[in-house]
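Here is a set of short exercises to work through with the model open beside you. Try each task yourself before reading its solution.

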Amino acid sequence: MTAVFVHGVPETGRLWDPLRRHLKAESLALNLPGFSTPRPAGFGATMDDYVHWLSGELSGISGPVDLVGHDWGALLVARVAMQDFLTLRSWAMDVASILHPDYVWHDQAQLWQTSGAGEQWAQTMRGNTTVASAALTAAGVPAEDASSMVAQFDATMAGCILDLYRSATPNPYAHWGGDLTRTAAPGLVIQPLRDPYDDQINSQKVAERLGAHVECLPAQSHWWMLSAPEESAAALLRFWKTVDMDS
């Protein structure tokens with residue numbers, strides 16, 4: 001099997017490097033279009049565009065896939081699992097509460113969704129690396145990783161972030177909620193209990209709708225794969241072991 005990792009915002013596939021070093025499995029980390037990769041001509045960078053792209057990437061991988069997503073990558077992973085037109089061995093995600101019907105986007109996301117304000121944010125972040133690094137560190141990114149993220153942030157990524165969030169109003173459930181049901185492949189919802197962007201109760205409800213197991217990381221926050229890569233890898237390995245036993 002191959003473990004395939006999908007990052008979120010404002011990240012690249014390098015996000016997963018520390019965790020992947022602790023896996024005894026073949027793995028790869030994708031870069032979303034526009035995130036340290038070119039934005040394809042005509043690519044709208046909407047939530048559905050990214051799902052279509054991810055489906056295409058996965059269809060080119062031979063053998064069973066264990067799909068893992070974080071942040072926006074988590075939502076894309078869940079959507080692929082819900083659609084069930086690709087054969088997955090398993091899937092795993094965090095921030096599951098974002099798929100709850102009552103979800104309200106956080107303040108930063110609402111800024112990105114606001115015409116003018118989002119563009120001003122992008123200009124500020126690109127023009128002042130100190131401010132950008134401090135903002136990421138304040139949000140919970142380890143300092144060294146925050147500097148790396150800022151170095152990867154460019155106009156292409158900024159434009160894709162704005163287009164992605166503006167395609168997801170009022171929330172993802174409004175677009176994908178009709179398909180929120182038990183998936184054919186076994187799933188895992190990871191709950192870092194200190195994640196300010198997630199809600200444990202609503203995350204649990206979404207996990208139940210998807211028929212997914214839940215793994216709590218009590219001391220971790222949004223960037224759990226950076227702050228505790230060995231613990232996070234162990235959680236995934238435990239889940240994959242149950243998949244092996246059930247298959």
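The exercises below concern a predicted model, and they go from the sheet to single residues and then to salt bridges.

**Exercise 1. The sheet**

Task: Work out in which order the six strands of the open sheet are arranged, and which strands lie at the edges.

Solution:
- Step 1. Follow the pairing across the sheet: the order is E2-E1-E3-E4-E5-E6, and the pairing is parallel.
- Step 2. Look for strands that pair on one side only: these are the edge strands, E2 (26-30) and E6 (213-217).
- Step 3. Check the turn from strand to strand: ignoring direction, neighbours in this sheet are turned by 20° against each other on average.
- Step 4. Place two of the helices. Helix H2 (residues 47-59) lies across E1 (2-6), E2 and E3, at about 150° to E2. Helix H10 (residues 200-210) lies across E4, E5 (187-192) and E6, at about 175° to E5.

**Exercise 2. Strand E1 and its partners**

Task: Find the bridge partners of Phe5 in E2 and in E3, then decide which way the residues of E1 point.

Solution:
- Step 1. Start with E2: five bridges join this strand to E1, running parallel, and Ala29 is the partner of Phe5 there.
- Step 2. Turn to E3: the pairing with E1 is again parallel, over five bridges, and here Phe5 is matched with Val68.
- Step 3. Sort the side chains of E1. Thr2, Val4 and Val6 point one way, while Ala3 and Phe5 point the other way.
- Step 4. Check the cover: five of the five residues in E1 are buried.

**Exercise 3. From E3 to E4**

Task: Identify which residues of E4 stand opposite Asp66 and Val68.

Solution:
- Step 1. Count the bridges: four of them join E3 (residues 65-69) to E4 (residues 90-93), and the two strands run parallel.
- Step 2. Read off the partners: Asp66 stands opposite Ser90, and Val68 has Ala92 as its bridge partner.
- Step 3. Look at the two faces of E4. Ser90 and Ala92 point one way, Trp91 and Met93 the other way, and all are buried.
- Step 4. Return to Asp66, which is linked with Arg89 and Asp244 in a network of salt bridges.

**Exercise 4. A buried aspartate**

Task: Asp198 is buried; establish which side chain of opposite charge is nearest, and what Asp198 contacts instead.

Solution:
- Step 1. Locate the residue: Asp198 is in the loop between E5 and H10.
- Step 2. Search for opposite charge. The nearest such side chain is Lys205, 12 Å away, and Asp198 has no salt bridge. The cut-off for a salt bridge is 4 Å, so Lys205 does not qualify.
- Step 3. Search for polar partners: the side chains of Asp198 and Ser97 are joined by a polar contact of 2.4 Å.
- Step 4. Complete the surroundings. Beyond four places in sequence, Asp198 touches Val95, Ala96, Ser97 and Ser203.

**Exercise 5. Two buried residues**

Task: Decide whether Thr12 and Ala146 are buried or exposed, and list what surrounds them.

Solution:
- Step 1. Place Thr12 in the loop between E1 and helix H1 (17-20). Its relative accessible area is 3%, which is under the 20% cut-off, so Thr12 counts as buried.
- Step 2. List its contacts outside four places in sequence: His7, Asn31, Phe35, Ser36, Gln152 and Met157.
- Step 3. Place Ala146 in helix H7 (residues 143-152). With a relative accessible area of 0%, Ala146 is buried too.
- Step 4. List the contacts of Ala146 on the same basis: Ser133, Leu136, Thr137 and Val141.

**Exercise 6. Salt bridges**

Task: Among the seven salt bridges, examine Arg20 with Asp17, Asp163 with Arg39, and Arg79 with Asp179.

Solution:
- Step 1. Take Arg20 and Asp17, whose closest N and O atoms are 3.6 Å apart. The two residues are three apart in helix H1, so about one helical turn separates them.
- Step 2. Take Asp163 and Arg39, with closest N and O atoms 2.8 Å apart. This pair links distant parts of the chain: Asp163 is in helix H8 (residues 155-166) and Arg39 in the loop between E2 and H2, 124 residues apart.
- Step 3. Take Arg79 and Asp179, at 2.7 Å between the closest N and O atoms. Arg79 is in helix H3 (residues 72-83) and Asp179 in the loop between helix H9 (172-176) and E5, 100 residues apart.
- Step 4. Check the exposure of this last pair: Arg79 is buried at 9% relative accessible area, whereas Asp179 is partly exposed at 37%.

Notes:
Residues numbered from 1 in each chain as written. Predicted model: local features only at pLDDT ≥ 70, side-chain atom pairs only at ≥ 80, totals over all residues. Heavy atoms only, no water. Pairing = 2+ DSSP bridges. Helix = DSSP H or I, 4+ residues; strand = E, 2+ residues; numbered from the N terminus. Axes fitted to C-alpha atoms, helices over the stretch in contact; angles between N-to-C directions. Contact = heavy atoms within 4.5 Å. Buried < 20%, exposed > 50% of the residue type's maximum accessible area, 1.4 Å probe, protein only. Lys, Arg positive; Asp, Glu negative; His and termini not counted. Polar contact = N/O pair within 3.5 Å; in protein donor to acceptor, adjacent residues only side chain to side chain.
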